[in-house]
Structure formats: structure tokens, C-alpha cells
Amino acid sequence: MVKAIRNFLKKGTGGGHCDFPLTIMVTVLVIFGVVMIFSASYYYSINVYGTPYQYLKDQIFNAGLGFVLMWLASKIDYRLFRRLAFPILIISILLLVLIFTPLGEERNGATRWLNFGISVMPGELAKPAIIVFASAYFATNMKRASTIKGMLPVIFAAGLMFLLIYLQPNLSTALTVVIIAAGIIFLSGMPWKVVIGAVVLGAVGVLAIIIGGGSYQLQRLTSFLDPFSEAQGDGFQVVQSLLALGTGGFTGLGLGKSVQKNLYLPEAQTDFILSVIGEELGFLGVLFLLVLFVLLVWRTIYIGINAKDRFGMLVCGGVAVMTGIQVIFNVAVVTSSMPPTGVAMPFISYGGNALWIFMGLYGIVLNISRTAGLSAAGERLPAREDRKNRKTAGGHV
């Protein structure tokens, strides 16, 4: 195994080009996130740390490390992860189990972190782990997705992760892992009748979990249906979010001029940062951000379609699903279209774990683009040049 890793690292991916449009979009999102985190956290940071710059400095560090991770991932041959798929899965599950030991760190009534000197969120690490494992499994034989028996290893892995994450409790991340796995199975050729059955079964299962989760889950459901009836209780954060979005109107109040961030909207720099964006930059600012995410997902899918092997295609598909579902969940929460879930806005919300994972995954996508027959500008190369580029990138898998 060590020799194989050394050979892959030494071989690299030759002189292929990373996808330029994707690189620009990720960079714009990260910079936009740093700016909005500074704005959203300004007064909260003063209140907690006595300085307005604490969250800004933290996120600049997180972004800098994220760019390093993305660069490193873009240089390592993505096919290495295919060989390491099962060990990555096992490590991820072990980290989830460690949550329930004394190493688990409790915050705000939930135990989602491991403290190794720096805080690690195993639930976030489970997302790239299921992407790599499911992609490697189905890339070996795409026909596995056509039968329940063939899908079982991925279903079992995703189900075990779901259970371990849900018990933290963290239903939103648990659902995200399952949706990512389902997306990869679908891309591998799952029959439509199975897709429809899975959607119905999944909806019934989520409803059963919410109803069976006791008063806590039911209260969150109630606050989502009518947040203003619980404006001083479970619906407080959503109500403040809606007030921020409504105040922003079409063009917004102006960068830095949010009222709700003045200790009305709790920790506005995290999951509800879109509310501050809407208040300060208005509908136009939110629209710009969402269009950028749509273009990012489209570009990721485009790279996957042009990938030189099935593993690269499925990894890109998994990353696209992960990005898209987290954006949808986050927007739905801040607009009170679904119960509060605690899902971060990719690249935008404050925090290191989620940002590093997204940037690392997009580094892998950039590495896939090196061998996908795309030019430096991200366009498909002519057939002759394409073949030459593939040969330079390391030959056929």
C-alpha cells in the first residue's frame, strides 16, 4: 500500500490544466464568504471577544488553509482515492463512533465534535467518505446499481453513518449523507421504479423519525410551520431571519448596515448568514450568490461528464449533489420552508471543517479536470489534442 501511494504521488497528473472557470468560482465564493462573515459577526465578535476582527481573522486562516488543501488535492492523482476508498470509510465510521466516548465534545446540547487540540466534526468527514466509497464501489461494476443486492454495501454504509450522525443529534447532516449516497446510486444506473420507491420510503422514514423523536423534534416542526407563533421560543431565529430578508428588499440596506446582526439574529455568521446577505445586499445579492452556486454545480457536472473514467464521473456527481443539497437546505431553513437543520451554506458560513472539506473535494474535482480533456480555459479540446492530453496525464485507467 505504501509503495502504491508513493508511485501515485510521484506519477502525479502530468501537465494537464485545472479547470479555470471552476477555480474562479470557488475563489469568488470563498472571498465573498470572508467579507460577509466579517460583516455578519462584527457586533457579535465585539460582544464576545472585545474586538470586531476575531471571526475575520479566524476565517482568513480557514480560507488560507483551504486553498492549500485545494491545491494539494488538485496535484494528487484522484485515482489514489479509489484504492483508499474502504480505509477512508472505516476511518470515518470509527471517528463517528468516537463521538460517543469521552473524546466527544458537547456544544448547545449536541455532541458533534471531537477535540484533538483542534475541533473535528466527523459528520462532515462522513460526506467525502461516502462519496469516495460509493464512487469506487459502483465504478468497478455499474450494473451493481440495478439490483438491491448490488446496492447493499453502499446502503449499509450510508445507513450506519445516518444512525451514528442522527444520534448526535444531527438529522440534517445524516440526511445529507444519505442523499449523497442515493445520488451516486442514481448516477450509476438505478432503475426509475426503484428511485420512486426510495423517495417515498425515505419521506415516510423522515416523517416517522420526526414524529418519533419526541417533543424536541415536534417543536422544531411546529416552529417551522408557524414560526411567529413561537417568536420568543423555537421560532425566534427563523423570525429574525425573515425580518432580515424582508428588510433588505430588492437592493438591500448596504454592506455592513444590517440591523438584525446587532445581536438580534443569534450567531448570524454561521448557518443564517444568508439572512444578513439578503438584508445588506438585497434580493440581487442573494440572486447573485445562488446563480454562482448553480454555475458551480453545472461546471462540476460538466467535468464529471468529460472525466476519463467512471470513478471520476461519480466523484464529480457526488460533489455536485453535496453542494446542491446543502445550498437547498440552507436556503429552505432561512426562508422557513423547512425545519431548522443546522446545515452550513457552502464556502460562505463561518467555520473551518466544512470549508476545508468543500475545498479539498473541489481540489479533487480540479484534478479530475486535468485528465478530462479540457483546455486551460475549461473548454473541450479537439480530438487529437484531447488524446495527447490524456496520454500526457497518465494514460488510460
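A search of the whole structure, which is a predicted model, turns up one cavity of 30 Å³ or more. Here a cavity is a set of points on a 1 Å grid, over the protein atoms alone, where a 1.4 Å probe fits but cannot get out. The model also holds 15 aromatic pairs, and two arginines have their charged ends over tyrosine rings.

Some ground rules help with reading the values. Residues are numbered from 1 along each chain as its sequence is written, and side-chain values use heavy atoms, with hydrogens and water left out. Local features need pLDDT of at least 70 and side-chain atom pairs count only at pLDDT 80 or more, while totals for chains, interfaces and linings use all residues.

**The cavity**
- About 30 Å³ of space lies in the largest cavity, where volume means the space filled by probe spheres set on grid points joined across faces, edges and corners.
- Its lining (residues with an atom within 4 Å of a point) consists of Met345, Pro346, Phe347, Ile348, Ser349, Ala354, Leu355 and Phe358.
- Seven of these lining residues are nonpolar, one is polar and none is charged; Ala, Val, Leu, Ile, Met, Phe, Trp, Tyr, Cys and Pro count as nonpolar, Asp, Glu, Lys and Arg as charged, and the others, Gly among them, as polar.

**Aromatic pairs**
- Rings of Phe, Tyr and Trp (its six-membered ring) pair if their centres lie within 6.5 Å, and planes under 30 degrees apart count as stacked, over 60 as edge-to-face and the rest as tilted.
- Among the 15 pairs, phenylalanine 32 and phenylalanine 288 are edge-to-face because their planes stand at 65 degrees, with the centres 6.1 Å apart.
- This pair ties together parts 256 residues apart in sequence, since phenylalanine 32 lies in helix α2 (residues 20–49) and phenylalanine 288 in helix α12 (residues 273–305); helices are DSSP runs (H or I, at least four residues), numbered from the N terminus.
- Phenylalanine 32 is buried at 15% relative accessible area, whereas phenylalanine 288 is partly exposed at 41%; buried means under 20%, exposed over 50% and partly exposed in between, with a 1.4 Å probe and protein chains only.
- Tyrosine 55 and tyrosine 350 are also edge-to-face, 4.9 Å centre to centre with 80 degrees between the planes.
- Tyrosine 55, in helix α3 (residues 54–75), is 295 residues from tyrosine 350, in the loop between α13 (310–334) and α14 (353–370).
- Ring pairs also link Phe38, Tyr42, Tyr43 and Tyr53 into a cluster.

**Charges over rings**
- Arginine 79 has its charged end over the ring of tyrosine 78, 5.9 Å from the centre; this requires NZ of Lys or CZ of Arg within 6 Å of the ring centre and within 35 degrees of the ring normal.
- Arginine 144 does likewise over tyrosine 137, at 4.2 Å from the ring centre.

Methods: 1 Å grid on protein atoms, 1.4 Å probe; cavity = no way out; pocket = protein on both sides within 12 Å on 5 of 7 lines; lining within 4 Å. Helix = DSSP H or I, 4+ residues; strand = E, 2+ residues; numbered from the N terminus.
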